[in-house]
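These are my notebook entries on a single protein chain. I record what I looked up, entry by entry.

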Amino acid sequence: MVIKLPNSKQDNLKSFAEEFVFSDSLVKLVKLFGGEYPSQNLNECLSYLLKFSDKWDYRSRQQTENKENARWLISEENFTSEQNKAIDQASFDLNLRENSIPSRNRYDYIWVLGGAKLSCLLRTRLAKEVYDKLQQEPSKIAMLASFRPLNDSERQATDTYARCAETEFDLFLEAHKLFFNSKIIQTEESSLDERNPNKKWKIINFENNTSIFSSPSREPEARRANSLDTYLFFMERHSVKPGSKILLVTSEIYVPYQHLEALRSVAIPFNVEIETIGFPAEWGGELQGMSNKEHYLQELRSTIQSLSRLWNTEVNDSCS
C-alpha cells in the first residue's frame, strides 16, 4: 500500500515518518543492500538511513568527460533479481511512481517546476490537462524556472520542442506556446546589465492567468537559483492567503522529495496546503530517461534527506 504524503501542518508528521522509515519495502531494501536497522527508535533509524543511503548516491560517483553532474547521466549498475524487485516495490510504496492524478478539482495556484530535458514540456502538459478538468480556474498558473543554461547532454531532448532555447526559462516559453498559447500582457525584469547572472530575474504574465517566473538566487555569490528560491520568489511577489491550496507539478520520480521540501519551506511557514503530482515516466520515454533502478535509488536517497530535514525542523520547533 502506498504511504500517503502529508499535505499540511495539521497532518501527523510523526505517523508519516514512522510509516515511511519502518515500511516493509524500505526495511527489505536496506537489508538487501547490506544494511540493518539499529533499533526501533525513529530518530536513530532516520539518522542511520541518512548515512546508509550514501551508497545510493550514484550521481556523485559518476564520471563523465565534460564533468556534468546530472541525474540522467548516472551509469547502470548490476543488481540482483531480488534487488531489482525490491527497488520496484519500494518505488511504488514510497511514492516515486503513479502520482499523476490530483485529489482535488479546485486549487488556488498551480506551480509547474522547471527542469532538464523534457521536464518543462511534460510538466506543462500535465498542468494543462489538470487545468482543463478543474471546476474553477486557479488564481495563477506559474511556471517556476531560472536562467540555468542548458547542458549539451540535454540538447537531444530539448531540440525536439525548443531548438533555439538557451536556458530553462526559454524551455518554458516554448512549452507555454504549445499548451496555452496566450498573449503576453506584462513583462517585469531586473536590470539587464547585472554582472552576476544569479541575481537576474524575469516574469512574463499572460492573458489566461499564466506566468513564467525566472527567479534569482538567494545566495547569488555562491550558486544559481534552485527550487526553494523559485518557491519563495513567488511567495514574495504574490499575496498568497493562509489556507490557500497549491498544486505542485513535477516528474513522478521527484514527487516525494520535492513535496517534502515544499512542505518544509512553504506549506508550514506560510500556512498553506500543498499537493504534489508528477507526469508518468512513460511520457518521457528514452529521451527523458530517469527510469532505471539507479535513478529510483538516487531519488529515494533524496527523499530520506528531505524527510530528515523536515523532521528535524519540526522537532526543533516543537522544543523551542
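I took contact to mean heavy atoms within 4.5 Å. I also noted at the outset that this is a predicted model.

Entry on Thr167. I asked which residues Thr167 is in contact with, leaving aside its neighbours within four places in sequence. I found Phe147, Arg148, Pro149 and Leu150. Thr167 itself sits in the loop between helix 7 (155–158) and helix 8 (168–179). I then looked up its accessibility: the relative accessible area is 13%, so Thr167 is buried, given that buried means under 20%.

Entry on cysteines. I asked how many disulfides the count comes to. The count is zero disulfides. For a disulfide, two cysteine sulfur atoms must lie within 2.5 Å. I checked Cys164, whose sulfur has its closest cysteine sulfur in Cys120, 16 Å away, and this is too far for a bond. I also looked up whether Cys164 is buried or exposed. Cys164 counts as exposed because its relative accessibility is 74%, and the cut-off for exposed is over 50%. Cys45, in contrast, has 0% relative accessibility and therefore counts as buried.

Entry on helix 1 and helix 3. Cys45 appeared again here, among the residues of helix 3 that meet helix 1. I noted that helix 1 covers residues 13–21 and helix 3 covers residues 42–52. Their axes come within 11 Å and cross at roughly 55°. Helix 1 and helix 3 are therefore oblique to each other, and I recorded their crossing as left-handed. I listed the residues that meet: Lys14, Ala17, Glu18 and Val21 from helix 1, with Leu42, Cys45, Leu46 and Leu49 from helix 3. By class, I found six nonpolar and two charged residues in this contact, and no polar ones.

Entry on Leu50. I stayed with helix 3, where Leu50 is also found. Its relative accessible area is 31%, so Leu50 is partly exposed. Setting aside residues up to four places away in sequence, I found that Leu50 touches Ile304, Gln305 and Ser308. I also looked up its separation from Thr210: the two are 160 residues apart in sequence and 39 Å apart in space, C-alpha to C-alpha.

Entry on helix 9 and helix 10. Helix 9 spans residues 227–237, and its axis comes within 10 Å of that of helix 10, crossing at roughly 30°. Angles under 35 degrees count as roughly parallel, and helix 9 and helix 10 are therefore roughly parallel to each other. I noted that helix 9 passes helix 10 in a right-handed crossing. On the side of helix 9, I listed Ser227, Leu228, Tyr231, Leu232 and Met235 in the contact. On the side of helix 10, I listed Gln258, Ala262, Ser265, Val266 and Phe270. Sorted by class, the contact of helix 9 with helix 10 has seven nonpolar residues, three polar and no charged.

Entry on positive phi. I looked up phi for two asparagines. Asn209 is not a glycine, yet its phi is positive, at about 65°. Asn209 lies in the loop between strand 4 (202–206) and strand 5 (210–214). With a relative accessible area of 32%, Asn209 is partly exposed. For Asn271, phi is near 55°, again positive in a residue other than glycine. I placed Asn271 in the loop between helix 10 (255–270) and strand 7 (273–279). Its relative accessibility is 42%, so Asn271 counts as partly exposed.

Definitions and conventions
Residues numbered from 1 in each chain as written. Predicted model: local features only at pLDDT ≥ 70, side-chain atom pairs only at ≥ 80, totals over all residues. Heavy atoms only, no water. Buried < 20%, exposed > 50% of the residue type's maximum accessible area, 1.4 Å probe, protein only. Axes fitted to C-alpha atoms, helices over the stretch in contact; angles between N-to-C directions. Helix = DSSP H or I, 4+ residues; strand = E, 2+ residues; numbered from the N terminus. Parallel < 35°, antiparallel > 145°, perpendicular 65-115°, else oblique. Left-handed = near helix turned anticlockwise from the far one by under 90°. Nonpolar A, V, L, I, M, F, W, Y, C, P; charged D, E, K, R; others polar.
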